[in-house]
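Hi there,

Here is the structure I promised to pass on to you. Have a look at it first, and then read on for my notes.

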Amino acid sequence: MKYSIQQKIIIYFSIIIFIGLSSITFIAYNITNQNTKDIVKNDMIGAKRNIDVYLKQYFLFNNLEATKTSISSQAEDISNQLSTQMGNTVDIYDLNGKKLSFGSEPTATIKESEDLAKAINGEISYNTNFVNGKVTVSLSYPIEESNSKIGIISYNKDYSSLYSFNKKFQNIINLFATLIFIVIFVVSFIFARQITKPIKKLTQASDEVSKGNFNIDIDIISKDEIGYLSSRFKMMIEKIKKDRDTIDEVQKQNKLFFDNVTHELKTPITIIMGYAQGIEDFGLKDDEFNRKGLKRSEERRVGKECSQ
């Protein structure tokens, strides 16, 4: 027997629960990640809308025409005011990828960021960056005026706290899944032991019966299939005991009958043997009597066989 019923129940329960918890954890991970992506996406859409509104207001309030020249000359001021307004860093780039705001080096090019690289090609793009334990999302898109591109906006926001919260949430899910698995494993162990306990008793009882011991007590009280099996097993033992007692009684009766028959056969044979012995001892000459008496040897042999 490679695996007992108890071991099989525990193994099956463990596999089912492991697959179930793994599926729930996987789904929870995907939902959490998708919610995070949706939050970031909605933030980027809202940020672009607010930046576009502010740029229009900036040029309107300052009586400036939105051109490449005005963007280049006002880049630092636009960057400062947008950064203050948005609460996050906003940089201005020209169409060649050179950073115009915050006095960056002229060699800083657009190829250094994937979203900026797409922005120079006229695309609106945002990218999530994981650097030194921090998570930032950069949004880049071209500034358009009268269907003409005059510069590039780059908006950066720190999402470290959001991703940290999601990481903690996923760790909590892992912890709860592990605890649930342990609890269910322990419960399944107890449950399997309770189920297999009467089966083990029946197995031990059957071993005793196979050895010829019918004086066993099976204290299994249950109203399920195992209880029914136990009651039938008890009935089987009682029937075997009854049949055994009947056989023993029959054997005793047979022995008694055989002993009585043997005794009845031995009594006349003894008499015959006495007559034969008398003929031999006294030398009687009656031919008929002699003929009968001489048979004593045969009767003695028969008597011995009967006594055996």
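Asn147 sits in the loop that links β3 to β4 (148-158). Please keep in mind that this is a predicted model, so every value here is computed from it. Asn147 has a phi near 60°, which is a positive value in a residue other than glycine. Is Asn147 buried or exposed? With a relative accessibility of 79%, Asn147 counts as exposed, because the cut-off for that class is over 50%.

Asn132 makes a good companion to look at next. Asn132 is found in the loop between β2 (125-131) and β3 (134-145). Its phi is positive too, about 55°, although Asn132 is not a glycine. Asn132 counts as exposed, at 78% relative accessibility.

Now for the chain as a whole. The protein chain contains 8 helices and 4 strands. If you follow the sequence, these elements come in the pattern α-α-α-β-α-β-β-β-α-α-α-α. The chain has 308 residues, and 30% of them count as buried. Taking contacts between residues at least 6 apart in sequence, 52% join residues at least 24 apart.

Helix α1 (residues 5-61) is worth turning to in your viewer, starting with its partner α5 (residues 160-210). The axes of these two helices come within 9 Å and cross at roughly 165°. Angles over 145 degrees count as roughly antiparallel, so that is how α1 and α5 run relative to each other. Their crossing is right-handed. By class, the contact of α1 with α5 has 25 nonpolar, 11 polar and 2 charged residues.

Lys8 is one residue of α1 that you may want to pick out. Its C-alpha atom is separated by 8.9 Å from that of Ala192, although the two residues are 184 residues apart along the chain. Lys8 counts as partly exposed, with a relative accessibility of 39%.

Which way does α1 lie against α3? The axes of α1 and α3 (residues 75-86) come within 11 Å and cross at roughly 135°. α1 and α3 are therefore oblique to each other, and α1 passes α3 in a right-handed crossing. On the α1 side, the contact is made by Ala47, Asn50, Ile51, Tyr54, Leu55, Tyr58 and Phe59. From α3 come Asp77, Ile78, Gln81, Leu82, Gln85 and Met86. The residues of this contact divide into 9 nonpolar, 3 polar and 1 charged.

The last stop is Ser101, in the loop between β1 (89-93) and α4 (114-119). How much of Ser101 is accessible? Its relative accessible area is 0%, so Ser101 is buried, the cut-off being under 20%. The side chain of Ser101 is joined to that of Asp91 by a polar contact of 3.3 Å. The Ser101 side chain also reaches the backbone nitrogen of Ile92, at 3.1 Å. Setting aside neighbours within four places in sequence, Ser101 is in contact with Ala75, Glu76, Ser79, Val90, Asp91 and Ile92.

That is what I have for now. Do write back if you would like to go through any of it together.

Best wishes

Note on methods:
Residues numbered from 1 in each chain as written. Predicted model: local features only at pLDDT ≥ 70, side-chain atom pairs only at ≥ 80, totals over all residues. Heavy atoms only, no water. Buried < 20%, exposed > 50% of the residue type's maximum accessible area, 1.4 Å probe, protein only. Polar contact = N/O pair within 3.5 Å; in protein donor to acceptor, adjacent residues only side chain to side chain. Contact = heavy atoms within 4.5 Å. Axes fitted to C-alpha atoms, helices over the stretch in contact; angles between N-to-C directions. Parallel < 35°, antiparallel > 145°, perpendicular 65-115°, else oblique. Left-handed = near helix turned anticlockwise from the far one by under 90°. Nonpolar A, V, L, I, M, F, W, Y, C, P; charged D, E, K, R; others polar.
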